[in-house]
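The following exercises concern the geometry and environment of selected residues and helices. Each task is followed by a solution in steps.

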Amino acid sequence: YEHLASIFGIGSQIASDIVSFKKEDIEKELSSSGKRGIKILTLNDANYPENLRQIPGAPIVLYLSGNITARDNLAFGIVGSRCASFYGLNSAEKFAGQLSACGITIVSGMARGVDTCAHRGALKAKGRTIAVIGSGFNNIYPAENADLAKDISLSGAVISEFPMEAKPLAQNFPRRNRLISGLSLGILITEAARNSGALITADFALEQGREVFALPGRIDLAGSFGANALIKQGAKLVTCCDD
């Protein structure tokens, strides 16, 4: 333990986790994932998402329901507020449907609001979509999207970097946002307030060398602040799918 803890970048907590690791724990994890039909990919697997493999800090392990294909290298993220206006929700569904019709895979986080509409837009267009969740597969969040997760798995994939029993803790969601941008060649923020998690996704996208797009909103609505601010900072203003 002392030798591990003294190595730069490991520290006492990680050293403690390594020393306390039990073979039974991984057997339990494999049994739980197997019962639910969840595949486990490692960074070395040939079918690990290629776009994700290229980002700094790519997950060593991914839990996967559904399938990742070569088509998913042409992927685009659509994210936004959980409490979006009709404008933001409708726009997310519309852009997802139009991009899907062009053969582009839609990536989002399966959260309430914009994310849900983006996935539904892709599904309605019979396109592929990938959901990145911030919990383990035994704790799908939000619970009302459990059926949506099943539909997504049939037309793409639901993925997580968290163990099967991981709960949807607040700190998990900013972390999963780097995977949404990492899977995508670019992302569109359709609506975001000042402190929206969608802005975290935009920051990750820029760090990863991805393109950032934003839908302009009314200047007197709090929910438009984030997207409008991104446009001021250089994000591409979007008014139609051709953009």
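**Exercise 1.** In which loop does Lys126 lie? Determine also its phi and its exposure.

*Solution.* The model is a predicted one. Step one is the location: Lys126 belongs to the loop between helix 6 and strand 5, and follows just after helix 6. Step two is the backbone: phi of Lys126 is positive, about 65 degrees, although the residue is not a glycine. Most residues other than glycine have a negative phi. Step three is the solvent exposure: the relative accessible area of Lys126 is 77%, over the 50% limit, so the residue is exposed.

**Exercise 2.** Consider Met110, which also has a positive phi. Is Met110 buried or exposed?

*Solution.* Met110 is placed in the loop between strand 4 and helix 6. Its phi is near 55 degrees, a positive value in a residue other than glycine. The relative accessible area of Met110 is 0%, and the residue is therefore buried.

**Exercise 3.** Describe the packing of helix 5 against helix 6. Which residues make the contact?

*Solution.* Two packed helices are described by the angle between their axes and the distance between the axes. For helix 5 (residues 86-101) and helix 6 (residues 114-124), the angle is about 35 degrees and the axes are 7 Å apart. The crossing of helix 5 and helix 6 is right-handed. On the side of helix 5, the contact is made by Gly88, Leu89, Ala92, Glu93, Ala96, Gly97 and Ser100; helix 6 contributes Val114, Cys117, Ala118, Gly121, Ala122 and Lys124. Classified by character, the residues of this contact comprise seven nonpolar, four polar and two charged.

**Exercise 4.** How many residues of helix 6 are buried, and what covers them?

*Solution.* Of the 11 residues of helix 6, nine are buried, and the helix is mostly covered. The buried residues are Val114, Asp115, Thr116, Cys117, Ala118, His119, Gly121, Ala122 and Leu123. Their cover includes helix 5, helix 7 and helix 8, together with strand 3 (75-79), strand 4 (105-108) and strand 5.

**Exercise 5.** A search of the whole structure finds two aromatic pairs. Classify the pair formed by Tyr141 and Phe173 as stacked, tilted or edge-to-face, and characterise its surroundings.

*Solution.* A pair of aromatic rings is described by the distance of the centres and the angle of the planes. In the pair of Tyr141 and Phe173, the centres are 5.9 Å apart and the planes stand at 55 degrees. Stacked pairs require planes under 30 degrees apart and edge-to-face pairs over 60; the pair of Tyr141 and Phe173 is therefore tilted.

The next step is the position in the chain. Tyr141 lies in the loop between strand 5 (129-132) and helix 7 (146-154), whereas Phe173 is in helix 8 (residues 172-183). The pair links distant parts of the chain, 32 residues apart.

Exposure follows. Tyr141 has a relative accessibility of 32% and is partly exposed; Phe173, at 12%, is buried. In addition, Arg82 lies over the face of Phe173, at 5.5 Å from the ring centre.

Finally, the backbone at Tyr141 is considered. Most peptide bonds are trans. The bond joining Tyr141 and Pro142 is cis, with omega about -5 degrees. Pro142 is located in the loop between strand 5 and helix 7.

**Exercise 6.** Which residues does Gly156 touch, not counting residues up to four places away in sequence? Carry out the analogous analysis for Thr201 and Ser81.

*Solution.* Gly156 is in strand 6 (residues 156-160) and is buried, at 3% relative accessibility. Beyond the excluded neighbours, Gly156 touches Ser65, Gly66, Asn67, Arg128 and Thr129.

Thr201 is in helix 9 (residues 197-207). Its relative accessible area is 1%, so Thr201 is buried. Leaving aside neighbours within four places in sequence, its contacts are Val79, Asn177, Ile180, Ser181 and Ile187.

Ser81 occupies the loop between strand 3 and helix 5. With 14% relative accessibility, Ser81 counts as buried. Under the exclusion of neighbours within four places, Ser81 is in contact with Arg112, Gly113, Val114, Glu191 and Ser196. Val114 is also one of the helix 6 residues in the contact with helix 5.

Terms used. Residues are numbered from 1 along each chain as its sequence is written. This is a predicted model: local features need pLDDT of at least 70, side-chain atom pairs count only at pLDDT 80 or more; totals for chains, interfaces and linings use all residues. Side-chain values use heavy atoms; hydrogens and water are left out. Axes are lines fitted to C-alpha atoms, for helices over the stretch in contact, and angles run from 0 to 180 degrees between N-to-C directions. Helices (H or I, at least four residues) and strands (E, at least two) are DSSP runs, numbered from the N terminus. A crossing is left-handed if the near helix is turned anticlockwise from the far one by less than a right angle, and right-handed if clockwise. Contact means heavy atoms within 4.5 Å. Ala, Val, Leu, Ile, Met, Phe, Trp, Tyr, Cys and Pro count as nonpolar, Asp, Glu, Lys and Arg as charged, and the others, Gly among them, as polar. Rings of Phe, Tyr and Trp (its six-membered ring) pair if their centres lie within 6.5 Å; planes under 30 degrees apart count as stacked, over 60 as edge-to-face and the rest as tilted. Buried means under 20% relative accessible area, exposed over 50%, partly exposed in between (1.4 Å probe, protein chains only). A charge sits over a ring if NZ of Lys or CZ of Arg is within 6 Å of the ring centre and within 35 degrees of the ring normal.
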